[in-house]
Protein chains: 2
Amino acid sequence: MNESKKISKKERILDTAEELFAQHGFDGVTIRQIAGQAEVDVALASYHFGKKRDLFDAVFLRRAEILNEERLEALLRCQATSGSAGPTVEQIIEAFLRPLEMEQESGDPGWKNYLALVAYINNSPVWGKELMSKHFDPLVARFIEALKKALPNANDEQIYWCYNYLSGALTLTFAQTGRIDKLSKGLCHSIDFKTAYDHMIPFVTAGFHRVCGQAEE
Amino acid sequence: MNESKKISKKERILDTAEELFAQHGFDGVTIRQIAGQAEVDVALASYHFGKKRDLFDAVFLRRAEILNEERLEALLRCQATSGSAGPTVEQIIEAFLRPLEMEQESGDPGWKNYLALVAYINNSPVWGKELMSKHFDPLVARFIEALKKALPNANDEQIYWCYNYLSGALTLTFAQTGRIDKLSKGLCHSIDFKTAYDHMIPFVTAGFHRVCGQAEE
DNA sequence: GACAAAATTCAACAATTGTTGAAAACTAGG
DNA sequence: CCTAGTTTTCAACAATTGTTGAATTTTGTC
């Protein structure tokens, strides 16, 4: 077995499906397109993953678990370094966002596709609730608990709404539509995640503080 | 002609297409589904609108023009009432968001569907750039000009990134996925646009001020 | 190298897709 | 009522869809 260059056909199907689903959505992609671009027989996708929907789920789940682990680590790490008062809002937001940046800027282009897929799912009235709630919200709940501690004056409603805005700002960045490139006449670039997160962190941190009635220290 | 209750079949196709496209995206809907739900023959959609893509464009354009007019009015109005210094950031954001709230809370349920469709389009790597840039960004550019005046310390890059976050937070709200309902255990409701905008306005206002290096007065 | 299991290909299926041309029904004005 | 124009229906088309069962090849184990 040549383990250095060989990527199994099963993985190639996942990678291609990831890319195409992210670009065109579930219904905008055919199994034949996936198989064609992956240079694989049409029937092989069904053999490995079953129905089309099962393939979609497999693509979504593959990196969701990795992402959750990294985010959890980041949260625990910033909770460990901060005192008994717990981490600040900004530190929590950092822990929430930076793992994404790392993955997106890593060599693996699959992560860019994957997060674009998350953008598609999060904004979908059909799957937004189902998939995101099931696989991301258990961890999100832990981040929100930390935020509550950092914002003692806030009521829960305010925190959840603010998280919603954070989620929206984040997923639109994932989507990489290139709209901001055009609007800013080339000044900003959708693919420049580092800059996107650098601005996003103070933006949402200030938003949380303002809405949740807690002046920034 | 009974003009009170009669809605033409052509309009019924538009309304139904609006609802279904918003829920399932362009590729997730068939002409037959639209025709079926609109109680209309399949061929009638082609007769009135041509290709499927043309119908999609017609749905998108119908309310885009109305929305642009109302938003422009709101901007001009707040610019007129403010002095020569121009409106504050918060006033500009208000002018940007409130017309949406009005429409969404109006009796016409089509507006809710339409804005969910905008959410889908804005987050789509395929259409996000094309449709949004063409039909919304000319007006967005005017709002950004006003924001630049209200934030003299900001550089353009910061402003465009902040607008991107605003756009993301806004469109996720449009999408009405119901995820926040579940996450907050019934405390927040996706359909409650009034509350969504009430929280969003101070959230993004504070974000703009923080990123663009201008303390709030 | 035989052999069982896994992986892969081939061919085909019924169902559904967008679209169209011709026929039919409706509408309005003379 | 006649007629011209618009709207609506009907029927059908070629193409594409997801999926499957059987056949074939590859893989790993003794």
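Is Q176(B) buried, exposed or partly exposed? Point 6 has the answer; here are my notes, starting with the ground rules.

This is a predicted model, in which local features need pLDDT of at least 70, side-chain atom pairs count only at pLDDT 80 or more, and totals for chains, interfaces and linings use all residues. Residues are numbered from 1 along each chain as its sequence is written, chains are lettered from A and ligands numbered from 1 in the order in which they are written, and side-chain values use heavy atoms, with hydrogens and water left out.

1. Overall make-up of chain A. There are eleven helices and zero strands in chain A, where helices are DSSP runs of H or I with at least four residues, strands are runs of E with at least two, and both are numbered from the N terminus. The C-alpha trace of chain A spans about 60 × 40 × 35 Å along its principal axes. Of its 217 residues, 54% count as buried (buried is under 20% relative accessible area, exposed is over 50%, and partly exposed is in between, with a 1.4 Å probe and protein chains only). Take the contacts (heavy atoms within 4.5 Å) in chain A between residues at least 6 apart in sequence: 72% of them join residues at least 24 apart.

2. How the two copies relate. A turn of 180° and a shift of 0.0 Å along the axis lay chain A on chain B with an RMSD of 0.0 Å. The two copies are thus related as by a two-fold rotation axis. The superposition is by least squares on the C-alpha atoms of residues with pLDDT of at least 70 in both copies. As for the interface, 100% of the interface residues of chain A are also interface residues in chain B, so the copies meet through the same surface.

3. Two places where the chains touch. N164(B) sits in helix 9 (residues 156-175) of chain B and counts as buried, at 11% relative accessibility. Apart from neighbours within four places in sequence, N164(B) is in contact with L172(A), T173(A) and I180(A). Then look at helix 7 (residues 128-135) of chain B, where G128(B), L131(B), M132(B) and S133(B) are buried. Those buried residues pack against helix 10 (179-183) of chain A, and also against helix 4 (52-81), helix 6 (110-122) and helix 8 (137-150) of chain B.

4. The surface near DNA strand C. Counting a residue as near if one of its heavy atoms lies within 4 Å, 16 residues surround DNA strand C, and the closest are Y47(A), T30(B), R32(B), K51(B) and K52(B). Of the strand atoms that come within 4 Å of the protein, sugar and phosphate account for 62%. Helix 3 (42-49) of chain A, helix 2 (31-37) of chain B and helix 3 (42-49) of chain B each supply at least two residues of this surface, and helix 3 of chain A gives the most, with four residues.

5. Phosphate distances. A polar side-chain atom of K51(B) lies 3.0 Å from a phosphate oxygen of DNA strand C, and for K9(A) the corresponding distance is 3.1 Å. D41(A) uses its backbone instead: an N or O atom there lies 3.4 Å from a phosphate oxygen of the strand.

6. Positive phi outside glycine. Back to the opening question: Q176(B) counts as partly exposed, at 23% relative accessibility. Q176(B) is not a glycine, yet has a positive phi of about 50°, and its place is in the loop between helix 9 and helix 10 (179-183) of chain B. E39(A) also has a positive phi, near 55°. E39(A) belongs to the loop between helix 2 (31-38) and helix 3 of chain A and is exposed, with a relative accessible area of 65%.

7. Cysteines. A search of the whole structure turns up zero disulfides over all chains, a disulfide being a pair of cysteine sulfur atoms within 2.5 Å. Why is C162(B) not bonded to C212(B)? The sulfur of C212(B) is the closest cysteine sulfur to that of C162(B), but at 4.3 Å it is too far for a bond. C162(B) is buried, with a relative accessible area of 0%. For C78(A), the closest cysteine sulfur is in C212(A), 17 Å away and too far for a bond; C78(A) is buried, at 12%.

8. A buried valine. V89(A), in helix 5 (residues 89-105) of chain A, is buried with a relative accessible area of 1%. Leaving aside neighbours within four places in sequence, V89(A) is in contact with L147(A), A150(A), L151(A), T205(A), F208(A) and H209(A).

Conventions:
A polar contact is a pair of N or O atoms within 3.5 Å; within protein, one must be able to donate a hydrogen and the other to accept it, and residues adjacent in sequence count only if both atoms are side-chain atoms.
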